[in-house]
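Have a look at the structure below and keep it open while you read. I jotted down some points for you to check by eye.

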Amino acid sequence: MKYPIEKIRNIGIIAHIDAGKTTTTERILFYTGRKHKIGEVHEGQAEMDWMEQEKERGITITAASTSVFWRDHMINIIDTPGHVDFTIEVERALRVLDGAVVIFDAEAGVEPQSETVWRQADKYKVPRIAYINKMDKIGANFFNVIEMMEERLSAIPLPIQIPIGSESSFKGVVDLIRMKAIIWLEETLGARYEILDIPQDLIEQAKEYREKMIEILAEFNEDIMIKYIEGIEITEDEILKAIRKSTLAFEVVPVLCGSSFKNKGIQPLLDAIVDFLPSPVDLPPIKGLNPKTNLEETRAISEDEKLSALVFKIMTDPYLGKLTYVRVYSGKITAGTYVYNANKNTRERVSRIVRMHANKKEDIEELSAGDIGAIIGLKSAITGDTLCDENNPILLESLEVPEPVIAQAIYVKTKEEREKLAYALAKFMEEDPSFRAYTDEETGDTIIAGMGELHLEIIVDRIRREHKIDVQVGLPQVAYKETITASAKQEGKYIRQTGGRGQYGHVWIEIEPLERGKGFEFVDLIVGGRIPKEFIPSVEKGIKEAMKKGVLAGYPVVDVRVKLFDGSYHEVDSSDIAFQIAASQAFKEAMKNAKPVLLEPIMKVEVVTPPEYMGDVIGDLNSRRGHITSIEDRVNSKVIMAFVPLAEMLNYATALRSLTQGRAYYTMLFSHYDIVPVSLTEKIIKERQEKLAKANK
């Protein structure tokens with residue numbers, strides 16, 4: 001059955017690891033009739049965690065998608081990973097979704113990865129509702145999480161429920177819109193609930209929070225404001241409309257609560273998804289660039305428009321081959337027709353279209369505006385590509401892919417296995433843009449690089465299981481970078497006179513530092529045709545080539561602006577390659593004079609420890625060059641926040657276990673790159689040189 005576009009909801013479920021995303025999704029599948037048995041994550045039965053590694057570890061690694069039906073609406077759900085190493089999965093899900101449910105742990109509140117996913121949702125302008133889960137957990141505190149949302153996320157939370165009881169006595173919620181109590185019946189596994197009058201002991205608190213809810217809505221809604229001031233009763237329908245309007249305008253975040261594991265709170269959450277999160281029609285028209293004119297164009301979100309769709313994920317299916325996940329913004333894609341890939345400038349045939357339910361597939365005829373599905377048959381499409389109408393091309397904004405922070409050498413024994421490994425690595429890079437594999441030219445080693453130790457561990461595990469390759473890995477290595485701290489000017493000349501045609505390239509460049517995280521900027525200041533226009537791209541190409549290996553220890557160079565301000569050419573002998581070589585030489589020489597430094601990844605670390613070990617944990621973090629930023633209290637625990645260089649955090653899990661008798665745990669996510677202290681720079685350079693010398697023997 002085809003659903004009208006206004007009855008579609010494309011939503012993501014996002015949160016910190018262990019907040020209960022997959023359990024919540026499993027309950028949604030159960031209560032919407034998608035499955036008849038509840039799958040538990042801890043028993044390895046969760047339907048959305050279908051990879052072997054997910055079942056074993058009880059974590060989500062890939063963003064799985066499914067469709068469910070509730071109140072005559074179709075809800076496309078993507079359950080995303082919470083572990084920071086798989087942040088690209090969250091990034092790409094948010095890029096194509098219209099709304100999100102952010103889940104918080106009722107005891108832990110707003111954790112570091114919750115902040116990261118919240119900022120990602122801000123970046124892609126995704127309206128969201130919050131669900132405070134695990135209300136049955138010891139230390140659960142609904143009102144504390146509301147405060148943390150205000151402080152840490154600068155959000156305006158709008159509680160539309162308050163809990164009835166907490167910890168072991170949690171049994172339901174008070175609905176502040178209807179002013180009724182909802183109590184779930186234990187014996188029905190939460191499938192049935194009773195709507196009752198609010199318990200006597202909660203009436204005052206319910207009135208207080210309903211008043212607060214109306215006050216917050218009145219700030220953003222004139223009609224509510226007038227009625228509120230004049231003391232006129234505001235209807236349920238008016239409240240629902242006001243909440244929806246303010247949610248879509250990013251003014252408020254409706255907050256619900258429950259215990260997914262205990263089957264309480266799911267049906268009102270589904271109602272809130274339908275009531276408050278946007279349908280594709282609620283979004284502004286999609287913007288993109290016309291690749292022919294380079295001008296901005298828009299497409300209305302309608303199936304009558306010309307096609308525009310974004311590829312947001314690639315997966316390889318053992319039976320069907322390559323699955324290309326797409327979000328259609330306008331127009332439609334029909335099985336058996338051709339689509340145009342604006343990034344690759346190619347036409348490809350859509351052989352089949354499937355709607356995904358975790359790793360199960362259901363064939364459908366077409367995907368139209370607002371739909372999410374997977375296409376079989378596209379060979380060249382990769383994550384971030386735009387599929388469109390060939391006569392009306394458009395390029396949609398692609399994904400921002402984070403740079404890997406950790407690397408490992410990977411070895412095989414035979415030539416045959418080396419070929420199999422190259423194929424496997426190419427497949428993983430196609431599926432996961434945050435994973436890189438390359439050959440270190442100086443040592444000849446195959447290097448894999450990713451977002452963290454777990455990320456690489458999973459990749460290696462998959463190489464062994466899925467591709468049956470017996471690989472060995474070296475120790476994790478930190479992905480250092482190089483940059484400059486001063487400006488420098490430099491001439492670069494490449495002149496070769498041999499028999500016949502010679503080579504002539506001549507440039508003057510100035511390099512200067514860019515602020516951290518900006519990457520690379522090339523500025524063409526050539527006037528009066530000192531270097532012909534057709535050679536300018538060659539100069540930029542030569543500089544980019546030189547930036548792959550810095551002058552200190554051969555690490556990639558970042559955060560540099562290069563100005564090309566002068567040079568000369570020869571009518572006959574100048575060529576692209578001559579200008580590339582001249583620019584490359586100029587850059588390397590300039591960098592030596594621009595006070596180069598090494599950069600290292602700095603991680604944001606949160607350690608949760610029993611109070612008696614706090615001193616030892618802080619002492620240990622200080623010894624790792626850590627900078628403690630805050631210490632907070634959480635139920636029977638201390639939470640220590642710090643910034644620590646990644647180089648000092650390798651194998652931290654083992655050290656923390658022995659320091660605290662296994663009672664503390666930590667989370668760590670990439671924060672930024674910073675300059676390595678001089679004393680350590682020399683050591684890193686020396687180790688790198690020794691490694692190269694050993695490889696060259």
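Here are my notes, point by point.

1. Before anything else: this is a predicted model, so read every value here as computed from predicted coordinates.

2. Let's begin with the aromatic rings. The count of aromatic pairs comes to twelve. Take Tyr3 and Phe69: their ring centres are 5.5 Å apart and their planes make an angle of 25 degrees, so this pair is stacked. The cut-off behind that word is an angle under 30 degrees.

3. Where do Tyr3 and Phe69 sit in the chain? Tyr3 belongs to the segment before strand 1 (8–15), and Phe69 is in strand 2 (residues 64–70), so their pairing ties together parts that are 66 residues apart in sequence. Check the surface too: Tyr3 is buried, at 14% relative accessible area, while Phe69 is partly exposed, at 36%.

4. Still on rings, try selecting Phe142, Phe143 and Tyr209, which form one aromatic cluster. Then look for charges over rings. Arg128 lies over the face of Trp118, 4.6 Å from the ring centre. Over at Tyr555, the charged end of Arg688 sits over the ring, at 5.1 Å from its centre.

5. Next, Lys322, which you'll find in strand 15 (residues 321–330). Is Lys322 buried or exposed? With a relative accessible area of 15%, Lys322 is buried, because the cut-off for that is under 20%.

6. What does the side chain of Lys322 reach? One partner is the backbone oxygen of Lys379, at 2.6 Å. The Lys322 side chain also has a polar contact with the side chain of Glu430, at 3.1 Å. Leaving out residues up to four places away in sequence, the residues that Lys322 touches include Ile314, Met315, Ile375 and Leu378.

7. Now zoom in on strand 9 (residues 180–184). Four of its five residues are buried, so strand 9 is largely enclosed by the rest of the structure.

8. Which strands pair with strand 9? Strand 8 (residues 172–175) does, in the antiparallel sense over four bridges. Strand 10 (residues 193–196) pairs with strand 9 as well, again antiparallel and over four bridges. Ala181 is a handy residue to click on: it is the bridge partner of Val174, and it stands opposite Leu196 in strand 10.

9. Last, the turn. Strand 8 and strand 9 form a hairpin with four residues between them. Have a look at Met179 in that turn, which has a positive phi of about 55 degrees.

Technical notes
Residues numbered from 1 in each chain as written. Predicted model: local features only at pLDDT ≥ 70, side-chain atom pairs only at ≥ 80, totals over all residues. Heavy atoms only, no water. Phe/Tyr/Trp six-rings, centres within 6.5 Å; stacked < 30°, edge-to-face > 60°. Helix = DSSP H or I, 4+ residues; strand = E, 2+ residues; numbered from the N terminus. Buried < 20%, exposed > 50% of the residue type's maximum accessible area, 1.4 Å probe, protein only. Lys NZ or Arg CZ within 6 Å of the ring centre and 35° of its normal. Polar contact = N/O pair within 3.5 Å; in protein donor to acceptor, adjacent residues only side chain to side chain. Contact = heavy atoms within 4.5 Å. Pairing = 2+ DSSP bridges.
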